[in-house]
Amino acid sequence: MSTTERDPAVERPVGIDELLERVREGLERVEPKDAYDAARTGTALLVDIRYAALRDRDGLIPGALVVERNELEWRLDPQGSHRAPEATSHDLHVVVVCNEGYASSLAAASLRQLGLHRATDLVGGFQAWRAAGLPVAS
């Protein structure tokens, strides 16, 4: 095959907007008030993947587990040797929170690939949480 021919078995490259759309089709994304209620009643674990500078600048969601994005899969894999104590089973309802609700969709999809079939993300991220007037700690 010449370098100008494409292998039909190789899928065409996907742009980030299309990838995000595809990923979100498989998620039941959660609105801020619903995430708050689920966390408050203990039916969901909120996981904040924002980097430290954003957490320092904007504050924290009280009770959320803070896990840097680059550690997420290792910390939430219930079978992993580096798992967080909260990562108790593949049935755990995880709501991933990023700053504005983009990276969290991709992160939730990655958790689903690890078998966390109830993983999803927060629509609008931390900024939507704060705009909804929900609790924020310094």
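A residue is counted as buried when its relative accessible area is under 20%. By this criterion, 39% of the 138 residues of the protein chain are buried in the predicted model. The accessible surface of the chain amounts to about 8000 Å², and carbon and sulfur atoms account for 51% of this area. Along its principal axes, the C-alpha trace spans about 60 × 35 × 25 Å. Among contacts with a separation of 6 or more, 65% involve residues 24 or more positions apart.

The secondary structure consists of six helices and four strands, arranged from the N terminus in the order α-α-β-α-β-α-β-α-β-α. The four strands build an open sheet with parallel pairing, and their order across the sheet is S2-S1-S3-S4. Strand S2 (65–66) and strand S4 (120–121) form the edges, each pairing on one side only. In general, strands of a sheet pair through backbone hydrogen bonds. Four bridges connect S1 with S3, and two bridges connect S1 with S2. Within the S1–S3 pairing, Leu45 has Val94 as its bridge partner, and Val47 stands opposite Val96. On the S2 side, Val47 is the bridge partner of Leu65.

The side chains of a regular strand alternate between the two faces of the sheet. In S1, Leu45 and Val47 point one way, whereas Leu46 and Asp48 point the other way; all of these residues are buried.

The largest nonpolar core comprises 21 residues, and those with the most contacts inside it are Val47, Leu72, Leu76, Val94 and Leu111. At least two residues of this core are supplied by each of strand S1 (45–48), helix H4 (72–76), strand S3 (94–97) and helix H5 (103–113). Helix H5 provides the largest share, with four residues. Apart from this core lies another of 13 residues, including Ala44, Ile61, Val95 and Val97. Beyond its neighbours within four places in sequence, Val47 is in contact with Leu65, Val67, Leu72, Leu76, Val94, Val95, Val96 and Val97.

Nonpolar side chains also occur at the surface, where Val14, Ile16 and Leu19 make a patch of about 230 Å². Val14 is located in the segment before helix H1 (16–25) and counts as partly exposed because its relative accessibility is 31%.

Ten salt bridges were found in the whole structure. Two of the pairs described here share Asp37. In the first pair, Lys33 forms a salt bridge with Asp37, with the closest N and O atoms 2.9 Å apart. Both residues belong to helix H2 (residues 32–40) and are four residues apart, about one turn of the helix. Asp37 also forms a salt bridge with Arg40, at a closest N to O distance of 3.1 Å. Asp37 and Arg40 are three residues apart in helix H2, so about one helical turn separates them. Lys33 is partly exposed, with a relative accessible area of 47%, and Asp37 is likewise partly exposed, at 23%. Arg40 counts as exposed, at 54% relative accessibility.

A further salt bridge joins the side chains of Arg130 and Asp58 (3.4 Å, N to O). This pair links distant parts of the chain, as Arg130 lies in helix H6 (residues 125–131) and Asp58 in helix H3 (residues 52–58), 72 residues apart. Arg130 is partly exposed, with a relative accessible area of 38%, whereas Asp58 is buried, with a value of 10%. Elsewhere, salt bridges that share partners join Arg12, Glu18 and Arg22 into one network.

Notes:
Residues are numbered from 1 along each chain as its sequence is written. This is a predicted model: local features need pLDDT of at least 70, side-chain atom pairs count only at pLDDT 80 or more; totals for chains, interfaces and linings use all residues. Side-chain values use heavy atoms; hydrogens and water are left out. A nonpolar core is a set of buried Ala, Val, Leu, Ile, Met, Phe, Trp, Tyr and Cys residues joined through side-chain atoms within 4.5 Å. Buried means under 20% relative accessible area, exposed over 50%, partly exposed in between (1.4 Å probe, protein chains only). Contact means heavy atoms within 4.5 Å. Patches are made of residues with over 30% relative accessible area and no salt bridge: like charges are joined within 9 Å, nonpolar side chains (Val, Leu, Ile, Met, Phe, Trp, Tyr) within 5 Å. Accessible areas come from the Shrake-Rupley method with a 1.4 Å probe; for residues, only the protein chains shown count as cover. A salt bridge is a side-chain nitrogen of Lys or Arg within 4 Å of a carboxyl oxygen of Asp or Glu. Two strands pair if DSSP finds at least two bridges between them.
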